[in-house]
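Have your viewer ready and your selection tool at hand. We will go from stop to stop, choosing what to select and looking at what is there.

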Amino acid sequence: MNFIVRRAQFSDAAALPAIERSAAELFRDDPSLAWLADAQVPDAEHHQRAIETDDVWVAQSLDGALMGFVSAIEIDNELHIQELSVSQYFQGRGAGRKLLLAAIECARGQKLQGLTLTTFRDVPWNEAFYQRMGFETLGAAQLSPRLKAVLNNELANGLPSERRCAMRFNLRRAPSDPHPAPAQTP
Ligand SMILES: CC(C)(COP(=O)(O)OP(=O)(O)OC[C@H]1O[C@@H](n2cnc3c(N)ncnc32)[C@H](O)[C@@H]1OP(=O)(O)O)[C@@H](O)C(=O)NCCC(=O)NCCS
């Protein structure tokens with residue numbers, strides 16, 4: 001499918017809550033995570049602020065439909081992915097991968113040390129996908145205080161901590177180090 005990934009504009013914000021709700025429908029088939037499909041999502045004002053101050057990209061089909069978005073914030077010289085969502089109709093067409101690549105390339109261009117995120121260990125479109133993109137799952141001893149706080153906050157908000165993990169994409173790896181480079185979108 002033909003689509004572009006571009007920086008989000010202020011006028012995109014209104015569409016993002018519906019995309020996130022639609023994306024979360026993927027969790028409805030998992031009995032212990034089904035509640036996520038009905039959970040509250042950040043509103044348009046939240047996205048407007050993020051578009052003004054942080055890094056937000058959208059995937060847009062050539063006929064103008066917004067397919068998905070990724071929202072990230074720079075903290076401690078790393079880009080933290082806060083949300084990656086592709087609406088149900090557009091899933092599985094490469095938008096999620098291309099959005100994540102946009103964030104990785106931005107962080108690389110800004111000479112940041114890496115990217116971080118938290119996600120589900122055992123959901124096929126989460127940890128395994130990010131590993132294929134070059135993220136590594138962090139063990140308990142590797143967690144920064146910031147990532148520990150993110151995971152603790154998720155626990156406080158009802159997410160099952162045994163199924164959550166933090167991951168990091170290292171942008172400071174020596175070129176000779178073996179590393180699964182993220183596959184490029186054809
Ligand atoms: C994660 C998400 C953004 C991926 O978006 P997408 O546009 O469907 O992703 P792509 O088409 O680019 O596919 C990305 C990879 O995920 C895999 N994938 C996508 N949907 C999948 C599914 N339902 N089951 C298993 N794997 C899936 C694809 O096989 C692909 O793998 P590969 O390219 O490494 O071979 C989308 O599934 C989503 O919005 N999920 C709900 C919200 C969520 O979990 N966000 C991430 C929070 S950390």
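Start with the ligand. This is a predicted model, and 21 residues surround the ligand in it. Select A23, Q91, G96, R97 and P124, which come nearest. Then colour the elements that give two or more residues to this shell: α1 (16–24), β4 (78–86), α3 (95–109), β5 (114–120) and α4 (127–132). What is the make-up of the shell in nonpolar, polar and charged residues? The count is 10 nonpolar, 8 polar and 3 charged.

**Zoom out to the whole chain**

Switch to a cartoon view. You should find 5 helices and 7 strands, and walking along the sequence gives the pattern β-α-α-β-β-β-α-β-α-β-α-β. The C-alpha trace spans about 40 × 35 × 30 Å along its principal axes. A compact globule of 186 residues would have a radius of gyration near 16 Å, and the protein agrees, at 16 Å. Buried residues are 33% of the 186. Among contacts with a separation of 6 or more, 67% join residues 24 or more positions apart.

**Select α3**

Next, pick out α3, which has 15 residues. At 1.5 Å a residue this helix should span 21 Å, and its end C-alpha atoms are indeed 21 Å apart. Show the side chains of its buried residues: A95, G96, R97, K98, L99, L100, A103, I104 and A107. Two of these, G96 and R97, you have already met among the residues that come nearest the ligand. What do the buried residues of α3 pack against? Their partners are β1 (3–7), β2 (55–61), β3 (66–75), β4, β5 and β7. Just after the helix, stop at K111, which takes a positive phi of about 60 degrees.

**Into the nonpolar core**

Stay with α3 for a moment, since the next selection includes part of this helix. The largest nonpolar core holds 40 residues, and W57, F69, V70, L99, A103 and L115 touch the most other members. α3 supplies the largest share of this core, 6 residues. Now centre on L115. Beyond its neighbours within four places in sequence, L115 is in contact with E78, L79, I81, A103, I104, A107 and F169. Among these partners, A103, I104 and A107 are buried residues of α3.

**Two loop residues to compare**

Select S87 in the loop between β4 and α3. Is S87 buried or exposed? It is buried, because 23 other C-beta atoms lie within 10 Å. Leaving out residues up to four places away in sequence, S87 touches I19, S22, A23, M67 and G68. Try a distance label from S87 to S22: the two are 65 residues apart along the chain, yet their C-alpha atoms are separated by 5.0 Å. A23, another contact of S87, is one of the residues that come nearest the ligand.

Now move to N157, in the loop between α5 and β7 (164–170). N157 is exposed, as only 8 other C-beta atoms lie within 10 Å. Label the distance from N157 to H47, 110 residues away along the chain, and you will get 20 Å between C-alpha atoms.

**Last stop: α5**

Finish on helix α5 (residues 145–156). Its 12 residues should span 16 Å at 1.5 Å a residue, and the end C-alpha atoms are 16 Å apart, which agrees. Just after α5, look at G158, with a positive phi of about 95 degrees.

Notes:
Residues numbered from 1 in each chain as written. Predicted model: local features only at pLDDT ≥ 70, side-chain atom pairs only at ≥ 80, totals over all residues. Near = placed C-beta within 6 Å. Helix = DSSP H or I, 4+ residues; strand = E, 2+ residues; numbered from the N terminus. Nonpolar A, V, L, I, M, F, W, Y, C, P; charged D, E, K, R; others polar. Expected span 1.5 Å × (residues − 1). Core = buried A, V, L, I, M, F, W, Y, C linked by C-beta atoms within 7 Å. Buried ≥ 20, exposed ≤ 12 C-beta atoms within 10 Å, placed from the backbone. Contact = placed C-beta atoms within 7 Å. Rg over C-alpha atoms; globule rule 2.2 N^0.38 Å.
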